[in-house]
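Visitor: I'm new to this one and would like some help reading it. Could you walk me through it, feature by feature?

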Amino acid sequence: MKRFYSIVLTLATIICLCGSAIANTYYVATPASGGDDSNPGTSTTQPWATLQHAVDTIAPGDTILVKTGTYVGFRAENSGLPGAVKTIKAEDGGNVLVNAPGPFNRHSSNIEFENFDATVKYWVIDGFEVADSPKYGIDLRDTDHITVQNCDVHDSAVTGIFTAFTYHPLIQNNESGYNGEHGIYQSNSGDFPTIVDNYLHHNFAAGIHMNGDIRFKPGDGIISFGIIEDNIILENGLGGGSGINMDGVSDSIVQNNLLYDNHASGISLYAIDGAEGSSRNKVYNNTIVMAPSSRWCINIPKSGKGRPNPVGNKIKNNILYTPSTTKGSVLIYSSTASGFESDYNVVVNRFSASGGKRIITLAQWKALGYDLHSIISMPNDLFVNPTNDDYHLKTGSPAINAGTSLAGVMDDLDGISRPQGGAYDIGCYESQ
Ligand SMILES: [Ca+2]
Ligand SMILES: [Ca+2]
């Protein structure tokens, strides 16, 4: 048996070496710039013409570099491999615009990753502008380990970046704005989504919407083990939908996000379609400054449709400011919400432990055992320049060194390591 394993290992090594040795770069250019799908595609002087031909042709480990120009989109139905992902990327400094669905697309989205017979895996899409989609800008369904990065997705009829039954998506450093629904939407019950460093603005509904959707099978109706970190989220929600909207999302981390001028709620943990009210989430070191006439900074209502209520959520080191005189910093459905912890936040003097039926003061909220170390402060005392949306902490800000140590929060939205000055600051920025 030993000899058999050693042969298998040797073969595996040879295959891996060959895999890396034959990784190729291919090029795509518009027909006006010499693109032709009958070219070999292997040099900048003999590029292919269509994104569809490119994604249908390359092997695991290969990269497609797309030259400046305007293209129709594509539908990727094949997969890369672990350690040999397939990459489709705008060339360095290139301006690649994808402004319509590809000819084989099935959902009227500009770019689609899906195969009705198999999970599509191990792709990277990088650096595209994706505009004016009649449905979704970028659309991932039944996928695993797909990365969407450095894209600018805007003016989609529905959502900018959409996923369904998508596991381990890495959605990083994208802009998604002016879409008819959400900026980013993780739907159905795919787990391990990482949504980091995105700039999400002026979407009609949520900045980030996540929905466990128990109705849609297969799946457990819960999105688990998500990381929502370092996103800047503003001016969403005119049509309803929180800055970060979590319907059936559990055991996830929401930290170092900056949310301002959103028009519905800031962060909502709930269930309407998910299998359980969003539970056991860590909401740490976020800065939330709400628009006038908006809802709650943090909203944890009773579940709909008889689903289990949210339990075990922890709200720490957040700045939770609203100018509203009728809404406040934190709403929970009941003062007996199991395992709920809230503390070391900067707040306003309004809370609700009754799903909004009754507004109570910080003193009354503290009497329930919450926010015993939290403080009330105003934007002009906290921030460098809130009028011009600079939410870094000003010298002497009461948020400096007022937080609690949170081992999972290693740095801040700017990447500055925490803590500075001997203690954690409250909010998404750590003052140096
Ligand atoms: Ca799940
Ligand atoms: Ca500090």
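Visitor: Let's start with the big picture. How many helices and strands are there in the chain?

Guide: Keep in mind that this is a predicted model. The chain has 4 helices and 38 strands. Its radius of gyration is 23 Å, close to the 22 Å that the globule rule gives for 432 residues, so the chain is as compact as a globular protein of that length. Along its principal axes, the C-alpha trace spans about 70 × 60 × 45 Å.

Visitor: What share of the residues count as buried?

Guide: Of the 432 residues, 53% count as buried. You can also look at who touches whom: among contacts with a separation of 6 or more, 64% are between residues 24 or more positions apart.

Visitor: Which residues have the most contacts inside the largest nonpolar core?

Guide: That core has 106 residues, and the ones with the most contacts inside it are Val-28, Ala-54, Ile-138, Ile-288, Ile-298, Leu-320 and Val-330. Take Val-330 as a sample. Setting aside neighbours within four places in sequence, Val-330 is in contact with Trp-296, Cys-297, Ile-298, Ile-315, Leu-320, Ser-342 and Phe-351. Two of those names, Ile-298 and Leu-320, were in the core list as well.

Visitor: Now the strands. How do I read which way the side chains of a strand point?

Guide: Go along the strand residue by residue. In strand 15 (residues 184-187), Ile-184 and Gln-186 point one way, while Tyr-185 and Ser-187 point the other way, and all are buried. Strand 18 reads in a similar manner: Ile-208 and Met-210 point one way, His-209 and Asn-211 the other way, and all are buried.

Visitor: Which strands does strand 15 pair with, and in what sense?

Guide: Strand 12 (residues 161-167) pairs with strand 15 in the parallel sense over 4 bridges. Strand 15 also pairs with strand 18 (residues 208-211), again parallel and over 4 bridges. From strand 18 you can step on to strand 22 (residues 244-247), since 4 bridges join the two and they run parallel.

Visitor: Which residues stand opposite each other along the way?

Guide: Follow Ser-187. Ala-164 stands opposite Ser-187 in strand 15, and Ser-187 in turn stands opposite Asn-211 in strand 18. Tyr-185 has His-209 in strand 18 as its bridge partner. One step further, Ile-208 stands opposite Ile-244 in strand 22.

Visitor: Let's try a single residue. Is Glu-229 buried or exposed?

Guide: Count its neighbours. Glu-229 has 24 other C-beta atoms within 10 Å, and the cut-off for buried is 20 or more, so it is buried. Glu-229 is found in strand 20 (residues 227-229). Leaving out residues up to four places away in sequence, it touches Val-196, Ile-253, Gln-255, Asn-256 and Asn-257. Asn-299, 70 residues from Glu-229 in sequence, is 19 Å from it in space, C-alpha to C-alpha.

Visitor: And why does Arg-106 count as partly exposed?

Guide: Arg-106 has 14 C-beta neighbours inside 10 Å, which falls between the 12 or fewer of an exposed residue and the 20 or more of a buried one, so it counts as partly exposed. Arg-106 is found in the loop between strand 6 (96-98) and strand 7 (111-113).

Visitor: What does Arg-106 touch?

Guide: Not counting residues up to four places away in sequence, Arg-106 touches Arg-75 and Glu-112. Arg-75 is 31 residues from Arg-106 in sequence, and the two are 8.0 Å apart in space, C-alpha to C-alpha.

Conventions. Residues are numbered from 1 along each chain as its sequence is written. Chains are lettered from A and ligands numbered from 1 in the order in which they are written. This is a predicted model: local features need pLDDT of at least 70, side-chain atom pairs count only at pLDDT 80 or more; totals for chains, interfaces and linings use all residues. A nonpolar core is a set of buried Ala, Val, Leu, Ile, Met, Phe, Trp, Tyr and Cys residues joined through C-beta atoms within 7 Å. Two residues are in contact if their C-beta atoms, placed from the backbone, lie within 7 Å. Two strands pair if DSSP finds at least two bridges between them. The radius of gyration is taken over C-alpha atoms; the globule rule is 2.2 Å times the number of residues to the power 0.38.
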